[in-house]
Amino acid sequence: MAETRAGFVALIGEPNAGKSTLLNRMVGAKVSIVTHKVQTTRARIRGVAIEGDAQIVFVDTPGIFRPRRRLDRSMVAAAWGGAADADIVVLMVEAHRGITEGVAGILDGLAEHARGRKVALAINKIDRVERSKLLALTEQLNARFEFVQTFMISAEKGHGVDDLRAWLGSELPAGQWLYPEDQIADLPMRMIAAEITREKLTLRLHQELPYQLTVETENWEERKDGSARIDQVIYVARDGHKGIVLGRKGETTKAVGQAARAELEEFLGRKVHLFLQVRVRPNWLEEAERYSEMGLDFGDGD
Ligand SMILES: Nc1nc2c(ncn2[C@@H]2O[C@H](COP(=O)(O)OP(=O)(O)OP(=O)(O)O)[C@@H](O)[C@H]2O)c(=O)[nH]1
Ligand SMILES: [Mg+2]
């Protein structure tokens, strides 16, 4: 029998770089939520892919940016922690944005946080730029950091993704697989369900509001008819926010609930009854329990 290989590959980069899109494509299922807005992912999310004899555990991470709030600091710490724990780190950079201030900051951080790790570069969203621009960007980035390999990909369209996965599979250390071969994620279902609702909220709400709320699954009940009843709470910090999240006559929450339920039913392959409640909790951003529910370390925000 051929020798198996296994290990962790952390996807890091600025918010919106396309990390979650890439994780989902690698896994072949939607494990991590995606929006066009920055700071969508809040915690580390694992997704498992098989490449020949290798089991690749991809670790999606929150975008790395200059943090202001406790939540931001916990998110950025989770991202760097993901890099530090991985066998291979893949830095994702947006082709059309190039070396932004944020990317420059991450390049500096890599020296400290990814010491001893193999770091590869994935220039993403190549569908958005002229091919001729890519060579120059590749050279500039490689002049600033010693990447072991550079890939040009479109996580959304799929270009270059097979090459990246094949390379990652061949670079992982020999070892036993870490998950059963049919497992694609290890996030608890109640958390996946909360994330799906947060995605729908983020897509509908404007400006700062998506950053001022969190969603938790409070209750999950299996019913005799095979369906599931799921009760979730949307925590907001202010009364005014509650009104906006509910919308006129509860329209917004209703639309969010419908979209989330449809996706949950597809994910679970059965009927779901989803109940959303909006709760004002002025201090939720400073409550340790909210962080553990999100899969974050509260203390990282100190
Ligand atoms: N054109 C294009 N858009 C992409 C590509 N990959 C991702 N996107 C889009 O970029 C946006 C951000 O994608 P995400 O996967 O949520 O990015 P992320 O790095 O996980 O972002 P955070 O979770 O906020 O850190 C979404 O609108 C994606 O559809 C790509 O290859 N090409
Ligand atoms: Mg993400």
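In E6, methionine 152 is the bridge partner of isoleucine 123, and phenylalanine 151 of the same strand stands opposite alanine 122. The model you are looking at is predicted, and this pair of strands is a good place to start exploring it. E5 (residues 118–124) and E6 (residues 149–152) run parallel and are joined by four bridges. Together with helix H4 (residues 131–144), E5 and E6 form a right-handed β-α-β unit.

Stepping back, E5 and E6 belong to an open sheet of six strands, ordered E2-E3-E1-E4-E5-E6, with mixed pairing. E2 (45–51) and E6 stand at the edges with a single partner strand each, so one side of each has no neighbour in the sheet. From one strand to the next, the twist averages 25°.

Two helices lie across this sheet, as set out here:

| Helix | Strands it lies across | Angle to E2 |
|---|---|---|
| H1 (residues 19–27) | E1, E2, E3, E4 | about 40° |
| H5 (residues 161–171) | E1, E2, E3, E4, E5, E6 | about 90° |

H1 also takes us to the ligand: with three residues, H1 gives the most to the shell around ligand 1. There are 25 residues around ligand 1, and Gly18, Ser20, Thr41, Gly63 and Glu156 come nearest. By character, the shell divides into 13 polar, six charged and six nonpolar residues.

Further along the chain, an unreviewed UniProt entry places the feature "domain: KH type-2" at residues 205–282. Over that stretch the chain is 36% strand and 33% helix, and its end C-alpha atoms are 19 Å apart.

Note on methods. Residues numbered from 1 in each chain as written. Chains lettered and ligands numbered in written order. Predicted model: local features only at pLDDT ≥ 70, side-chain atom pairs only at ≥ 80, totals over all residues. UniProt positions renumbered as here; feature names shortened; annotations may be inferred. Helix = DSSP H or I, 4+ residues; strand = E, 2+ residues; numbered from the N terminus. Near = placed C-beta within 6 Å. Nonpolar A, V, L, I, M, F, W, Y, C, P; charged D, E, K, R; others polar. Pairing = 2+ DSSP bridges. Right-handed = clockwise from strand over helix to strand, strands pointing away. Axes fitted to C-alpha atoms, helices over the stretch in contact; angles between N-to-C directions. Contact = placed C-beta atoms within 7 Å.
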